[in-house]
Amino acid sequence: MAYFIHQQTGKPYPGPNPSDEEKAAFALEAWRDSLITSILSAGTFFGAIIAGDIADFIGRRMTIIAGCTVFMVGVILQTASAGLGLLVAGRLIAGFGVGFVSAIIILYMSECSPKKIRGAVVSGYQFAITIGLLLAACVDYGTQDRRDTGSYRIPIALQMLWALFLGLGIAFLPDSPRYFVKRGKLDKAADSLARLRGQPVNSDFVQHELAEIVANHEYELQVVPQGSYWSSWANCFKGGLSKPSSNLRRTILGTSMQMMQQWTGVNFIFYFGTTFFTQLGTINNPFLISLITTLVNVCSTPISFWTIERFGRRPLLIWGALGMLICEFLVAIMGTVDGDNPATVRAMIAFICIYIFFFASTWGPGAWVVIGEIFPLPIRSRGVGLSTASNWLWNCIITVITPYLVNPDKAYLQAKVFFLWGALCTVCFVYAYLLVPETKGLSLEQVDKMMEETTPRTSSRWVPHTTFAAELGMTEKGTLAPEIVEDVARKGSVV
């Protein structure tokens, strides 16, 4: 990090035993820090929006592979950079790839997973993110004292390895059966579903699930028919705000859910934690503290694999927000009242770790799980894309403004910044109680029906009482009538 600051700004290295003022002066300017950090999020915002259309055209699996390829191009440019221009361009391009992957992996896992473990499977996405953050922190810790370009090129270049693993690994998996239904390719949908469930194609289990997917898709097309490209985008915003099952309400729920996840302030710790811990003045090794907070994040996330299926999405988000806001206000109060006391600083770090525990076991995975479940198939790829774009938009906004909140030459809020995060977590608490439905244990098609018949606060008591396939018409064996299958294949439901 020291070499990178020296290279980018031309500032001389601090001498031995530098004062706090010298340490504070040897840093990137707020605008440069903000640009380098936030430009990746800007790329991911646009990448996530584009990804929905691409996923409907070439499939979920191929879109993820394309995202890995674009990301590796961006990483190569960053690794080769020696100045600000190429570094920023590389991060922007890499951001597009991350946007593709972050949106469509949620979509792919939600559409492929059995309903009983879907929450745990999607939570695994957040767990993988935490492992990535931990590995990145370890690599950064190991290269921070290098006085050559390896101090930043090694951490950047290693990112290509994981993109390669993901792109090659997913090439051996089947595409989403719901994607094939949307395209009218029911034979391929049956083959894909059979592989995912480990059952023969003609088994009743596979045929019943396929029938429900097809019937739900046909029902949604009857409610909101598909038209031109732009009208299909407009379908994401149809319906009234007062109707919980309207497409507009679902789109707002998905995008605001991801906004709220960013409002928790957790990325302040992971992006600017080293800077913040340095400003506390009583910590000898802020890098090590950042490593510890990242480790807490990793160890806490797997708890959600069980709790999200045992207790549900809604309780986790409500109680998680409550736990976070309490910890954040405590950190803000302690830091403001007695921030120069080493014992107080240690207590602040302890509550920051507890706050990260609450986030990692609730809002971290929970927000991703919910956005993968609430959209009907005709708009699902775009709905998830818009929601993911919202996450990256607010990630970008927060990374742009945070240096101006905490840098010594700007607002320099120090611990007072946690009053802001605590207030926003209070909003998250009210939001989760009033607006988030319970989707535990339901198929994606049953979630559709539940949202038509309940409100968020009564959704946990809803029990499936019919199926779309039964309403649309089924043969005695439980499969769809031949004329319905022919109609689906004929229309293809393409964007």
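**Notes on helices α6 and α8**

1. Let's start inside helix α6 of this predicted model. The buried residues of α6 are R118, G119, V122, S123, Y125, Q126, T130, L134, A137 and T143. Try finding each of them in the structure above.

2. Next, look along the length of α6. This helix has 26 residues and runs 38 Å from its first C-alpha to its last. That is close to the 38 Å expected at 1.5 Å a residue.

3. Now for a residue of α6 that is not in the buried list. L135 lies in helix α6, and its relative accessible area is 37%. Buried means under 20% and exposed means over 50%, so L135 counts as partly exposed.

4. L135 also belongs to a feature on the surface. Together with I131, L161, W162 and F165, L135 makes a nonpolar surface patch of about 470 Å². The elements that give two or more residues to this patch are α6 (118-143) and α8 (159-170). Which element gives the most to the nonpolar patch? The answer is α8, with three residues.

5. Helix α8 has a buried side to its story too. I170 is placed in helix α8, and its relative accessibility is 7%. Because the cut-off for buried is under 20%, I170 counts as buried.

6. Finally, see what surrounds I170. Leaving aside residues up to four places away in sequence, I170 touches R61, I64, I65 and Y108. One of these makes a nice example of folding to trace by eye: I170 and R61 are 109 residues apart in sequence, and their C-alpha atoms are 6.7 Å apart in space.

Technical notes:
Residues numbered from 1 in each chain as written. Predicted model: local features only at pLDDT ≥ 70, side-chain atom pairs only at ≥ 80, totals over all residues. Heavy atoms only, no water. Patch = residues over 30% accessible without salt bridge, like charges linked within 9 Å, V, L, I, M, F, W, Y side chains within 5 Å. Areas by Shrake-Rupley, 256 points an atom, 1.4 Å probe, with all protein chains shown as cover. Salt bridge = Lys/Arg side-chain N within 4 Å of Asp/Glu carboxyl O. Helix = DSSP H or I, 4+ residues; strand = E, 2+ residues; numbered from the N terminus. Buried < 20%, exposed > 50% of the residue type's maximum accessible area, 1.4 Å probe, protein only. Expected span 1.5 Å × (residues − 1). Contact = heavy atoms within 4.5 Å.
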